[in-house]
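I opened a fresh page for this protein and kept notes as I looked things up. Here they are, in the order I made them.

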Amino acid sequence: MDFSADEVIANLSLSPHPEGGHFRPMARDPGLVVCGSEAATDYRLLTGQAGDWRLVETTEIWAFYMGAQLELEIATDQGLRPLMLGPDQPQIAAPAGAWRRLRSLGDWTLASCSTAPGLAADAVETPSV
């Protein structure tokens, strides 16, 4: 099946994300509280433009769902390395303390990002698991 980014955004009720693209919190687990905040998983739909560099506050586990490959550029004191998320590498981690930016290598990519604790920028009212 071929979907457009607009169809995925509408079907999943995604909203604009402060870093670019669209997102929707999928689940918050108040039973798993780490450092005063619950674990979180969010859908992310990203388009071809590269996002801004962002400090990874807590390890991010990225999972691929559909669309084009997603490039995560990771910058640490050991240097810069690109990681590719897609059908051949469906899950990767961005380590806490690194800097990262995201870019879809096609029209769009649907992925998820899981963190524990959840990120403050994504803290909106969401269903608990």
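**Entry 1: a glutamate and its partner**

I started with Glu-71, which counts as buried because its relative accessible area is 10%. Before going further, I noted that this is a predicted model.

Next I looked for what Glu-71 meets. I found a salt bridge with Arg-103, where the closest N and O atoms are 2.9 Å apart. This pair links distant parts of the chain, with Arg-103 in strand 9 and Glu-71 in strand 6, 32 residues apart. I also checked the cover on the arginine: Arg-103 has 31% relative accessibility, so it counts as partly exposed.

**Entry 2: another pair**

I then turned to Arg-101 and Glu-73, whose side chains meet in a salt bridge at 2.5 Å, N to O. Here too the pair links distant parts of the chain: Arg-101 lies in strand 9 and Glu-73 in strand 6, 28 residues apart. Arg-101 is partly exposed, because its relative accessible area is 25%. Glu-73 counts as buried at 15% relative accessibility.

I wrote down one network as well: salt bridges that share partners join Arg-54, Glu-60 and Arg-100. For Arg-54 and Glu-60, I read a distance of 3.0 Å from N to O, and both residues are buried. The structure holds 4 salt bridges.

**Entry 3: stepping back**

How many helices and strands are there in the protein? I noted 1 helix and 10 strands. The helix comes at the N-terminal end of the order, and the strands follow it.

Of the 129 residues, 42% count as buried. The accessible surface comes to about 6900 Å², and carbon and sulfur atoms hold 53% of that. I also looked at how far along the chain the contacts reach: among those with a separation of 6 or more, 70% are between residues 24 or more positions apart.

**Entry 4: the sheet around strand 9**

Both arginine–glutamate pairs above join strand 9 to strand 6, and I wanted to see how these strands pair. I found antiparallel pairing over 6 bridges. In strand 9, Ser-104 is the bridge partner of Leu-70, and Arg-100 is the bridge partner of Ile-74.

Strand 9 also pairs with strand 4 (residues 54–55), in the antiparallel sense and over 2 bridges. There, Leu-55 stands opposite Trp-99.

Putting the strands in order, I got an open sheet of 4 strands, 4-9-6-7, with antiparallel pairing. Strand 4 and strand 7 are at the edges with a single partner strand each, so one side of each has no neighbour in the sheet.

Which residues of strand 9 lie on its covered face, and which on its uncovered one? Arg-100, Leu-102 and Ser-104 are on the covered face, while Trp-99, Arg-101 and Arg-103 are on the uncovered one. I added a reminder for myself: side chains in a regular strand alternate between the two faces of the sheet.

**Entry 5: Ile-74 and Leu-80**

Is Ile-74, in strand 6, buried or exposed? Ile-74 counts as buried, because its relative accessibility is 0%. Leaving out residues up to four places away in sequence, I listed its contacts, among them Leu-80, Leu-83, Ala-94, Pro-95 and Trp-99. I also took one backbone distance: the C-alpha atoms of Ile-74 and Val-56 are separated by 9.5 Å, and these residues are 18 apart along the chain.

Leu-80, one of the residues Ile-74 touches, sits in strand 7. At 54% relative accessibility it counts as exposed, because the cut-off for that is over 50%. With Trp-53, Leu-55 and Trp-99, Leu-80 makes a nonpolar surface patch of about 410 Å².

**Entry 6: the nonpolar cores**

My last look was inside. The largest nonpolar core has 15 residues, and Trp-62, Leu-70, Leu-72 and Leu-85 have the most contacts within it. Strands 5, 6, 7, 8 and 10 each supply at least two residues of this core. Its largest share, 3 residues, comes from strand 6. Another core lies apart from it, with 9 residues that include Ile-9, Leu-12, Leu-14 and Leu-110.

Key
Residues are numbered from 1 along each chain as its sequence is written. This is a predicted model: local features need pLDDT of at least 70, side-chain atom pairs count only at pLDDT 80 or more; totals for chains, interfaces and linings use all residues. Side-chain values use heavy atoms; hydrogens and water are left out. A nonpolar core is a set of buried Ala, Val, Leu, Ile, Met, Phe, Trp, Tyr and Cys residues joined through side-chain atoms within 4.5 Å. Buried means under 20% relative accessible area, exposed over 50%, partly exposed in between (1.4 Å probe, protein chains only). Two strands pair if DSSP finds at least two bridges between them. Patches are made of residues with over 30% relative accessible area and no salt bridge: like charges are joined within 9 Å, nonpolar side chains (Val, Leu, Ile, Met, Phe, Trp, Tyr) within 5 Å. Accessible areas come from the Shrake-Rupley method with a 1.4 Å probe; for residues, only the protein chains shown count as cover. Contact means heavy atoms within 4.5 Å.
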